[in-house]
Amino acid sequence: MPKQIILAAHFPGVNNTTVWSDPASGSQVDFSSFVHLARTAERGKFDFFFLAEGLRLREQRGRIHDLDVVGRPDTLTVLAALAAVTTHLGLAGTLNTTFREPYELARQLASLDHLSGGRAAWNVVTTSDAFTGENFRRGGYLDRALRYDRAAEFVRTARQLWESWPADAITGDRDGGRYLTEAAPGAFAHHGDQFDIAGHFTVPRSPQVHPVILQAGDSPDGREFAASSADAIFSRHGTLEDGQEFYRDVKSRLARHGRQPDDLKVIPGVTFVLGDTDAEAQERAHHIRRQQVSPQTAILLLEQLWNRDLSGYDPDGPLPAEDPDVSGDAISRGRAGMYPDPVRTARHWRALAEEKGLGIRDLIIEVTGRQSFVGTPRQVAERMNHFVQSDAADGFILVPHLTPGGLDDFVDRVVPLLQERGVFRTEYAGTTLRDHLGLSPAATRRRPPDLQPKVTVPA
Amino acid sequence: MTEKSLHLAVALDGLGWHPAAWRLSRADATAPLTARYWNALAGEAEHAALDLLTIEDSLDLQTSWPDGTDDRVDELRGRLDAVQIASRLAPLTRHIGLIPTTSTTHTEPFHLSTAIATLDHISGGRAGWRPRVSARRAEAGHFGRRDIPPLDLARLDEPETVRLVGDLFAEAGDAVEVVRRLWDSWQDDAVIRDVPTGRFVDRERLHYIDFAGRWFSVKGPSIVPRPPQGQPIVAALAHSSVPYAFAARHADIVFVTPIDAGHAAAIVAEVRAAEETVGRVGAPLRVLADLVVLLDETSTLARDRRTRLDELHGAQFTSDASIVTGTPGELADLLAEWHRAGVDGFRLRPAVLPDDLTAITRALVPALRDRGLFRAGYPGGMLRDLLGLPRPVSRYAVAATA
């Protein structure tokens, strides 16, 4: 049997991938938009729905960035509501560990897992960013070097809390008058560098026990964290060869942590454009990129590399002759840095613009945001399947460029072709997200010996 | 209708407010861990056109002790996050207000603000929030970021306790202030989608809140556009002067706990005086009296059930709120009397769920309607409309146009 493809649907986010200027673009906030995308994904038998998170509005040149979608609802609250309008779809949320505490987040996720019948997932992110910290009690306290330490300790602590109620903690024996098997369930204690907490967890063991853990970071630390702690990783590597190399690398790290290759799924985030013919798809892809890169956005994206105020430049004119400013603070705040070597990248862009005779906007369209899969439904299905069968991925998180209808065509036209090939489910076989992803059930150990409840009552 | 309709709310917690409720409840012992259970309760409450439901929550395990996890095995333990439950209910209800409880002591005001704003978007303007303080050491130990001494009911009047409680309420006040500023930080018309200039928002209509207080500073603006109600409803439970003042400053609804009609009138007077003292502007607080209710077809049946529950519990059940044991008709008479004494409505705490909720919706509500005291259905609109509260303009919009 060929490898089965994992598919997830990303709700369009707050960067220029999301085209808000199109007449078909709907609300980014109305719950109906979320319902449409989630139900479309479930109609297509997708594994899960995915929400990103922002905790501070982005700024550029000291002002709120106004060219992309701005604003979005709270991740956890949306996911709980989506549990009411879907039945099988996994519900994954990006939730920052820097500005949360394990006790509170673990109970929110365990609650979501109960209220969705075992469909909760958490994309673990951590930031050291003091800019975002200005919205929170502790501010920008976290040293950049400690980001993955915090993330790993956070996940370990959350899992300890999720396991703190024994599976048989509630007996509910009305005649015998015994609600609990033993008094004071949920006992835990964690004493670490990031957290020093003890007490009792309030949420009885949830259907998945451990909600599914996702991880995005691509650095060696990020890969190692995924290998030790995550169920899936979704860093993107464009070409088949890059994907295969990444796949080999992260899977090879698992044994060190006592894990099997199947325990960590590789599901990169990808974009797609469909057309009746290849030429039509290519033309649509170019049209979408022009929508994604307005003249104003072109200047802004250029500024993110150059790290200078370029507002005086003509979007159709030549690139700046001077090199990027690598000395000062980033001009753009609230997003991850994208260019490890700005000067080198700038020289490359200048050479490319000269060679092809491109102005600023056309150059930006050329070098940013090229869609991952462009073609007829058959071509896209074949290429995606090829990526998976040749171990460049285990599946994909699809990022549509339109809210809320951006996934409709894919579900109507590509999914049936994947199903025909026997590489994608035609019905859900299980009920939990762990079932869908083929992940082994989380540890079901009984009371850890060092955390026996302090008080026991004779039966 | 001859008299003004009273407001009717139901407080949901576990399998009911009596500690032995789970012994007699028609629902499964683990039902409160399921969405189906909460949907059934909300559907029942909405069918009778109740104004709103509240969902209890706490950052520690239920306990019979003032502080710390107890050793009982015969009571319900464990619960889900109240905001998650409220949000799970939102798409499957259409009219009823949804008011989850959250702590303000260990949580981030920014997260609280965006969660309740989102609940308001999802529910089409039916969100509320009941902030509460976490005064227990057990809760503090779950966060490990501050030391709170064990709560001792015998020492409530000692200066250290008074200072701690004062601080916790002051912090809660700051939290509500931040939450409310964030709700206002997007003007209603901030999203412009102006294709010629390429701008999605008009950033002049987004506002930093620049809050700096003793416990935290929050820059803003929110990440969530302004909620449909502008300001979702804030409710506070209050038993004494410090929380009355907190409610008068920060809340739209106050839940109070009178023991009789005369006491109800006295509390309403105290609440009005607190409004005066803090210089409250805008609509006065909606004052809802809390009552634990245990209802049956005859008073004898109700009393017998109460006795049975107390026997199962091993002690007489007491509560911060009065306990009414009787028929729906008797309760309707009592509500009419307290309503005349000046309370705007009631938050009923069913002793056993869903049993006593069903008695409220199927027997008490018709009895109130017979007396001309309760609406026949929902008039339409958002929770603010139902409560007769105007939709406030964003404070920043006012400043911007002034």
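This passage walks through a predicted model, starting with the overall build of chain A and ending with a helix of chain B.

Chain A is a good place to start. Its secondary structure comes to 14 helices and 18 strands, and its C-alpha trace spans about 85 × 50 × 45 Å along the principal axes. For a chain of 459 residues, a compact globule would have a radius of gyration near 23 Å, and chain A agrees with that at 24 Å. Of those 459 residues, 51% count as buried. Contacts in chain A often link distant parts of the sequence: among those between residues at least 6 apart, 75% join residues at least 24 apart.

The domain assignment splits chain A into domain 1, made of 6–275 + 373–437, and domain 2, covering 294–367. Their centres, taken over C-alpha atoms, are separated by 32 Å. Where the two meet, 10 residues of domain 1 of chain A are in contact with 11 residues of domain 2 of chain A. On the domain 1 side, strand S3 (59–60) and helix H4 (130–133) of chain A are the elements that give two or more residues. By class, that side has three nonpolar, three polar and four charged residues.

Strand S3 of chain A turns up again in a little piece of sheet. Here three strands of chain A form an open sheet in the order S4-S3-S16, with antiparallel pairing. Strand S4 (63–64) and strand S16 (332–333) stand at the edges with a single partner strand each, so one side of each has no neighbour in the sheet. S3(A) and S16(A) pair over two bridges, in the antiparallel sense. One residue pair to look for is A:Glu59, whose bridge partner in S16(A) is A:Arg333.

Another strand worth a look is S5 of chain A, residues 90–96. S5(A) is mostly covered, with six of its seven residues buried. Strand S2 (residues 48–51) of chain A runs parallel to S5(A) and is joined to it by four bridges; in this pairing A:Leu51 stands opposite A:Gly93 of S5(A). S5(A) also pairs with strand S6 (residues 120–125) of chain A, again in the parallel sense, over six bridges. In that pairing, A:Asn96 has A:Val125 in S6(A) as its bridge partner. To get from S5(A) to S6(A), the chain passes through H3(A), and this β-α-β crossover is right-handed.

Next comes the meeting of the two chains. The contact takes 67 residues from chain A and 60 residues from chain B. On the side of chain A, the elements that give two or more residues include S4, H2, H3 and helix H9 (295–306), along with strands S7 (170–173), S8 (178–180) and S10 (196–200). The residues on this side divide into 36 nonpolar, 17 polar and 14 charged.

Chain B offers a neat example of a covered helix. Eight of the eight residues of helix H3 (residues 82–89) of chain B are buried, so this helix is largely enclosed by the rest of the structure. Among the buried residues of H3(B) are B:Ala82, B:Val83, B:Ile85 and B:Leu89, but also B:Gln84 and B:Arg88. What do the buried residues of H3(B) pack against? From chain A, they meet helix H2 (75–85) and helix H3 (102–115). From chain B itself, they meet helix H2 (35–47), strand S2 (52–55), strand S3 (97–103) and helix H4 (109–123).

Methods:
Residues are numbered from 1 along each chain as its sequence is written. Chains are lettered from A and ligands numbered from 1 in the order in which they are written. This is a predicted model: local features need pLDDT of at least 70, side-chain atom pairs count only at pLDDT 80 or more; totals for chains, interfaces and linings use all residues. A residue is buried if 20 or more other C-beta atoms lie within 10 Å of its own, exposed if 12 or fewer, and partly exposed in between; C-beta atoms are placed from the backbone. Two residues are in contact if their C-beta atoms, placed from the backbone, lie within 7 Å. Domain bounds come from an automatic or database domain assignment. Ala, Val, Leu, Ile, Met, Phe, Trp, Tyr, Cys and Pro count as nonpolar, Asp, Glu, Lys and Arg as charged, and the others, Gly among them, as polar. Two strands pair if DSSP finds at least two bridges between them. A crossover is right-handed if, with the strands pointing away from the viewer, the path from the first strand over the helix to the second runs clockwise. The radius of gyration is taken over C-alpha atoms; the globule rule is 2.2 Å times the number of residues to the power 0.38.
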